[in-house]
2 protein chains.
Amino acid sequence: MQSQIFSYPSRATGPLTCLIGIRSYPDYMRPVAIIGIGKTAFGAFPDRDLRGLAVEAGQKAMADAGIAPSQVEAFYLGNFAGPSFTGQNHLAPYVATGMGITGVAATRFEAACASSGAAFYHAVSAVAAGLHDVVLVGGVEKMTSQPTPKVTEILAAAGEVSGEVKAGATFPALFAMIARRHMYQYGTSREMLAAVSVKNHSNGAKNPLAHMRKVITMEQALNGKPIAEPLTVYDCSLISDGAAAVVVAPLERAAEFTRQPARLLGIAQASDYLALDEKDDITTFRAVQAAAAKAYKMAGVQASDIQFAEVHDCFTIAEIVAIEDLGFVKKGEGGPYTLEGRTCLRGERPVNTSGGLKSKGHPVGATGVGQICDIVIQLRGDAGERQIKNHSRGVAQNLCGSGATCVVSVLEAV
Amino acid sequence: MQSQIFSYPSRATGPLTCLIGIRSYPDYMRPVAIIGIGKTAFGAFPDRDLRGLAVEAGQKAMADAGIAPSQVEAFYLGNFAGPSFTGQNHLAPYVATGMGITGVAATRFEAACASSGAAFYHAVSAVAAGLHDVVLVGGVEKMTSQPTPKVTEILAAAGEVSGEVKAGATFPALFAMIARRHMYQYGTSREMLAAVSVKNHSNGAKNPLAHMRKVITMEQALNGKPIAEPLTVYDCSLISDGAAAVVVAPLERAAEFTRQPARLLGIAQASDYLALDEKDDITTFRAVQAAAAKAYKMAGVQASDIQFAEVHDCFTIAEIVAIEDLGFVKKGEGGPYTLEGRTCLRGERPVNTSGGLKSKGHPVGATGVGQICDIVIQLRGDAGERQIKNHSRGVAQNLCGSGATCVVSVLEAV
């Protein structure tokens, strides 16, 4: 038996620590492109299994890029809790072999709700560095085979189990606290939260792959069943099955594969404490600010240069915090900006044109790569009824937990 | 509801498919060094938690390299089944913040028993590519808080659950089949398997951090309690708690941190089908052969140039198969080679001088990085009673499941 001789540092010393060790890519690194995308529908699919969903998305992405499985030099899979949801672990080679991909490195990345964001970050980095030319990145989650209380328990494990979870604070409760504090500090109202939900449902209703294609009214959103005050059921994202995949290659080779490559201008991943009580200010996420700062720097852009975004609206308040932390608006102005319709499809900076996690669905491990697909669909002008006018530069922001992991990606039409 | 419109490829077409897409690092990539190592004891520690174990190993590795947490540019964590064993998921930022590391990317890698091997592979690749200068790689598993049948169930999830596991084939049964076939095909005997166990227990007894520091006789090994014929309890590795960590940096900067750097000459990760029945020949692992071929090529060495090795002896038969697949001996000669004592501490090519998974212990997610630490300890001449004579070049082989993931690393004293 051993005693625990070390002690944990109690908390970060402030926002500046987030930037320590964060550097841009070295100059010799290659520009990277997304050359293929593929998504399953998101929803509740009782007769689909995890492997089948992931394989469908991967095959669609490879078909979109016009490549064969034998051309895939490495496979990156984002998955949060496949073993807990389905009983199957060691998922990366399992999914890879389901597509006929063997021999090459096949690795699962877990960073909770940002799992496939993290997989994408590492894949892009490997291609930028010249380690690989053609890689496949997938994300998948199969959630609906478990009853809702079990799903909530599995999701809660992305928070600090020995502290928050033991005290009964699941994610709806944690984000309710964030919402309450945002309301207190900045005057954010229930209507502003509901405006996120109304907008995202409106967008999702136009998305053929969305889980809940249902338009809702402000009145419905305000009078939803309470989940954790002030959040109602219309403030919470969905429990979904689904998968997404992208093929990444050096930009210089993109024309070999596609006439519609998307350029990855900048990307960063950052982390922070899991527990909410370790944060100085719960209305902002240091990891989001750090990742955005680095991704923008790498991309050579300012927040004001971003035309549209897919952000991680696990709860409505999370979208408001996200557009603030991404620098689209000043701190505290996310609520009014949303209520004024400026993030709608025809607004000045559309946010979550896919319907977001709220309406499109949130198969946790698929969400990060799914956002990349949704950005590329807009960049290509393929969004149909949801197509926005200014669609040449977009951002994806994939968060986890109450801000302990964040991946920010800046993409541009070529 | 959707139907499954795709079909799985039924199996790989043979060993050659393993080499598709496998390339060496581009020439501009930098040589990489291990500049710090740290391990906890492996064992059953009822009063230690997963985070505490991982933090202890990480802090030891940082102290060994003489670096502060603020110098760590990214954190790579290997962990197989923390959520199932402990209920806590989203482990990478949880462990990172426990060491005072925030802001930077902190990602968990899961590749079953090769989880920290995969984390190490991706970390080395990032440093070689110039993405980072100083990264910390950890591996951890906390297993003993679950009863043994539950541990077996959690481990079995690294196999194909819908097929093998449903049919009742846990890993002892699968490796028993491999052993039986190896015996049939090559005349491998029970004594040869037992010789692996006797040697590894002898080595582990000399390792202060080993789980079971107990010398056993050939008679004991042959008469152990049956687990899955022909394997007895002495053919099976241990269920352990533990953690290991290494600090990786470019070789050109190693002298800033340590007088004892180890150079990473070559590394590769490869994958294959999970299920044993997808293999043409169950006495050999294609993923091991593929990873070894690439790692040797990158290192510019032949198998005959390797002086010693840490291999993945999850079962005694796995060590015999490993030394064959790594090319130390011809196929089928691993058993006699071991029985003749040629892999002992004073043999021509010592294998598992640490005691291996059999005696040192097998905290699954810690095993890959633990092997790297054990190779570095020999390279430095710090192995005490276990120190071997020719210790300038060693190989670590980290396997998972019945061969679906393998990472091979070649290290050399500077």
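In which strand of chain A is N398(A) found? Select N398(A) in the viewer and you will land in strand β10 of chain A, residues 393–400. Keep in mind as you go that this is a predicted model.

**Stop 1: N398(A) and its surroundings**

Show the side chain of N398(A) as sticks. With a relative accessibility of 2%, this residue counts as buried, because the cut-off for that label is under 20%. Now add C113(A) and G117(A) to the selection. From the side chain of N398(A) to the backbone oxygen of C113(A) is 2.9 Å. A polar atom of that side chain also lies 3.2 Å from the backbone nitrogen of G117(A). To see who else is around, leave aside the neighbours within four places in sequence and display the other contacts of N398(A), among them A114(A), S115(A), H312(A), T367(A), Q371(A) and C406(A).

**Stop 2: T40(A) in its loop**

Next, pick T40(A), which sits in the loop between β1 (32–39) and α1 (50–65) of chain A. Is T40(A) buried or exposed? It counts as buried, at 1% relative accessibility. Turn on A243(A) as well: its backbone nitrogen is 3.0 Å from a polar atom of the T40(A) side chain. Not counting residues up to four places away in sequence, T40(A) touches L53(A), E56(A), A57(A) and K60(A), and also L209(A), G242(A) and A243(A).

**Stop 3: helix α5 of chain A**

Select residues 148–156 of chain A to bring up helix α5, then colour its buried residues, V151(A), I154(A) and A156(A). Which helices do they pack against? Display α2 (82–86), α6 (161–165) and α7 (171–186) of chain A and you have the partners of those buried residues.

**Stop 4: strand β10 of chain B**

Move over to chain B and select residues 393–400. This is strand β10, and seven of its eight residues are buried. Add strand β9 of chain B, residues 308–310: β9(B) and β10(B) pair in the parallel sense over three bridges. A good place to look is A309(B), which stands opposite V395(B).

Then add strand β11 of chain B, residues 405–413, which pairs with β10(B) in the antiparallel sense over eight bridges. Here C400(B) faces T405(B) as its opposite number. Follow the chain from β10(B) to β11(B) and you trace a hairpin with four residues between the strands. Click on G401(B) in the turn, where phi is positive at about 55°.

**Stop 5: where the chains meet**

Finally, show both chains together. How many residues does the contact take from each chain? The contact takes 84 residues from chain B and 84 residues from chain A. The area buried between them is about 6,900 Å², with carbon and sulfur atoms giving 53% of it.

Zoom in on residues 106–110 of chain A, strand β3, which pairs with β3(B) in the antiparallel sense over three bridges. In this pairing F109(A) stands opposite F109(B).

For the charged side chains, select R108(B) and E110(A): they meet in a salt bridge at 3.0 Å, N to O. Two salt bridges are found across this interface, along with 28 residue pairs in polar contact, both residues at pLDDT 80 or more. Elements of chain B that each supply at least two residues to the side touching chain A include α1 (50–65), β3 (106–110), α4 (115–128) and β8 (262–271). Colour that side of chain B by residue type and you will find 42 nonpolar, 30 polar and twelve charged residues.

Conventions. Residues numbered from 1 in each chain as written. Chains lettered and ligands numbered in written order. Predicted model: local features only at pLDDT ≥ 70, side-chain atom pairs only at ≥ 80, totals over all residues. Heavy atoms only, no water. Contact = heavy atoms within 4.5 Å. Buried area = accessible area lost by both parts, 1.4 Å probe. Salt bridge = Lys/Arg side-chain N within 4 Å of Asp/Glu carboxyl O. Polar contact = N/O pair within 3.5 Å; in protein donor to acceptor, adjacent residues only side chain to side chain. Nonpolar A, V, L, I, M, F, W, Y, C, P; charged D, E, K, R; others polar. Pairing = 2+ DSSP bridges. Buried < 20%, exposed > 50% of the residue type's maximum accessible area, 1.4 Å probe, protein only.
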